[in-house]
Amino acid sequence: MLSSKNPTIFFINRIFSLAHVYKSKHTNKFKDKILVNAFFEPSMRTSLSFESAMYRLGGNVITFNKDISTMNKGENIEDTIKALSKYGDAMVIRHPDKSVIEEAAKYSDIPIINGGTGDREHPTQGLLDLYTIHECFNLHDRLNILFIGDIMSSSAIKSLLDYLSIYPKIKVNMLPYDNRGPSMDMLYDIGMNRRQLPDDIIIYEDRLDIEKYDVIYMSSLQEERINNLLSRAKTDCIIMRPFPRDGEIDRSIDSDPRNKDFEQIKNGVAIRKAILHYIFIDLKEQ
Ligand code: CP
């Protein structure tokens, strides 16, 4: 599971059906398996939800710690990952350089899972976000999704957009924060996938029709703007964000019933259990 690019409906439906089962079920099915967690950048949710998922499946986890590893004595990344691949049955890697994860898949003995590549892709976060939307809406219906905040550097938004590309009725808009709008490549991809022109994708606050959105996905937003926007949003919309949050996001929405952010975190474990099942069983049977 290296990328969110070119998703298939078959894969997404399979992961969702596994996640549905695993959301409320634990098992000992993978008690002989070891997951290697190798995070070369900080993480809390992705690393620990994979750890939780693996333990909930009966398996074990070993965690690589870059700060006390022999990389500090000059050992290179290739030798490090090759060695780690001898210790387990699958490996989650987070690294700022996407090519490190792609290369690792070539020389590792075990399946590699992309745990986030800087500001480029976050395939498992995108899946858990899509699953959270799927729990509230039919993804094949007409839905309006608004992305707010720092879109340029959000790997979570980029991967969610990759998955959304296979649902043609879903319309996407963006309200970027300051100068943090999408790159031309992102705009081109969205435009090609949904026949939307850049002027139809980017929304400015003075012409924002917040009442029409079913999903409001925030990567960050200044406190004074959020209350004003959400007070006018639909009563049955959902509000999402990938975390971590900082002082820019108003904590008053924690008590808003439309807010799904901690549900996203809970779904992170179910989705990662589903991904591990897919790797340990489905891929072996193909
Ligand atoms: N959402 C997310 O990826 O969180 P972490 O950086 O804590 O893994």
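Colleague: Which residues surround the ligand?

Modeller: This is a predicted model, and the answer is read from its atoms. A residue belongs to the shell if one of its heavy atoms lies within 4 Å of the ligand. The residues found around the ligand are Ser43, Met44, Arg45, Thr46, Arg94, His122, Gln125, Pro242 and Phe243.

Colleague: How many residues of the shell around the ligand are nonpolar, how many polar and how many charged?

Modeller: Arg45 and Arg94 are among the residues around the ligand, and Arg counts as charged. Met44, Pro242 and Phe243 are also among them, and Met, Pro and Phe count as nonpolar. The shell divides into three nonpolar, four polar and two charged residues.

Colleague: What is the distance from an oxygen atom of the ligand to an N or O atom in the side chain of Thr46?

Modeller: A polar contact needs a pair of N or O atoms within 3.5 Å. The side chain of Thr46 supplies an N or O atom, and the ligand supplies an oxygen atom. The distance between them is 2.7 Å.

Colleague: Which residue has a polar side-chain atom 3.0 Å from a nitrogen atom of the ligand, and which has a backbone N or O atom 3.3 Å from a nitrogen atom of the ligand?

Modeller: The contact at 3.0 Å is made by a polar side-chain atom, and that atom belongs to Gln125. The contact at 3.3 Å uses a backbone N or O atom, and the residue is Phe243.

Colleague: What percentage of the ligand's exposed area does the protein bury?

Modeller: The starting point is the ligand taken alone, which exposes 260 Å². Of that area, the protein buries 91%.

Colleague: Where does Phe243 lie, and is it buried or exposed?

Modeller: Phe243 lies in the loop between S8 and H10. Phe243 has a positive phi of about 65° although it is not a glycine. Buried means a relative accessible area under 20%. The value for Phe243 is 13%, so this residue is buried.

Colleague: Which residue does a cis peptide bond join to Phe243?

Modeller: The residue asked for is in the loop between strand S8 (238–240) and H10. Omega of the cis bond is about -5°. The bond joins Phe243 to Pro244.

Colleague: Why is strand S1 largely enclosed by the rest of the structure?

Modeller: S1 covers residues 34–39, which makes six residues to check. S1 is largely enclosed because the number of its residues that are buried is five of the six.

Colleague: Which residue in S2 is the bridge partner of Val36, and what is the hand of the crossover from S1 to S2?

Modeller: S1 and strand S2 (residues 60–64) run parallel and are joined by five bridges. In S2, the partner of Val36 is Ile62. Between the two strands the chain passes through helix H2 (residues 45–56), and this β-α-β crossover is right-handed.

Colleague: Which residue in S3 stands opposite Asn37?

Modeller: S1 also pairs with strand S3 (residues 90–94), in the parallel sense and over five bridges. Opposite Asn37 in S3 stands Val92.

Colleague: How many residues of strand S5 are buried, and which residue in S6 stands opposite Ile148?

Modeller: S5 spans residues 143–149, and six of its seven residues are buried, so S5 is largely enclosed by the rest of the structure. S5 runs parallel to strand S6 (residues 170–176), with seven bridges between them. The residue in S6 opposite Ile148 is Leu175.

Colleague: Which helix does the chain cross through from S5 to S6?

Modeller: The path from S5 to S6 is a β-α-β crossover, and it is right-handed. The helix on this path covers residues 155–164 and is H6.

Colleague: Which residue in S7 is the bridge partner of Phe147?

Modeller: S5 and strand S7 (residues 215–218) pair in the parallel sense over four bridges. In S7, the partner of Phe147 is Tyr217.

Colleague: Which side chain does a polar contact of 2.7 Å join to that of His277?

Modeller: His277 is in helix H10 (residues 261–285). At 6% relative accessibility, His277 counts as buried. The 2.7 Å contact joins its side chain to that of Tyr22.

Colleague: Is Asp178 buried or exposed?

Modeller: Asp178 is in the loop between S6 and helix H7 (184–194). Its phi is positive, about 50°, although Asp178 is not a glycine. The relative accessibility of Asp178 is 57%, so it counts as exposed.

Terms used. Residues numbered from 1 in each chain as written. Predicted model: local features only at pLDDT ≥ 70, side-chain atom pairs only at ≥ 80, totals over all residues. Heavy atoms only, no water. Polar contact = N/O pair within 3.5 Å; in protein donor to acceptor, adjacent residues only side chain to side chain. Areas by Shrake-Rupley, 256 points an atom, 1.4 Å probe, with all protein chains shown as cover. Buried < 20%, exposed > 50% of the residue type's maximum accessible area, 1.4 Å probe, protein only. Pairing = 2+ DSSP bridges. Right-handed = clockwise from strand over helix to strand, strands pointing away.
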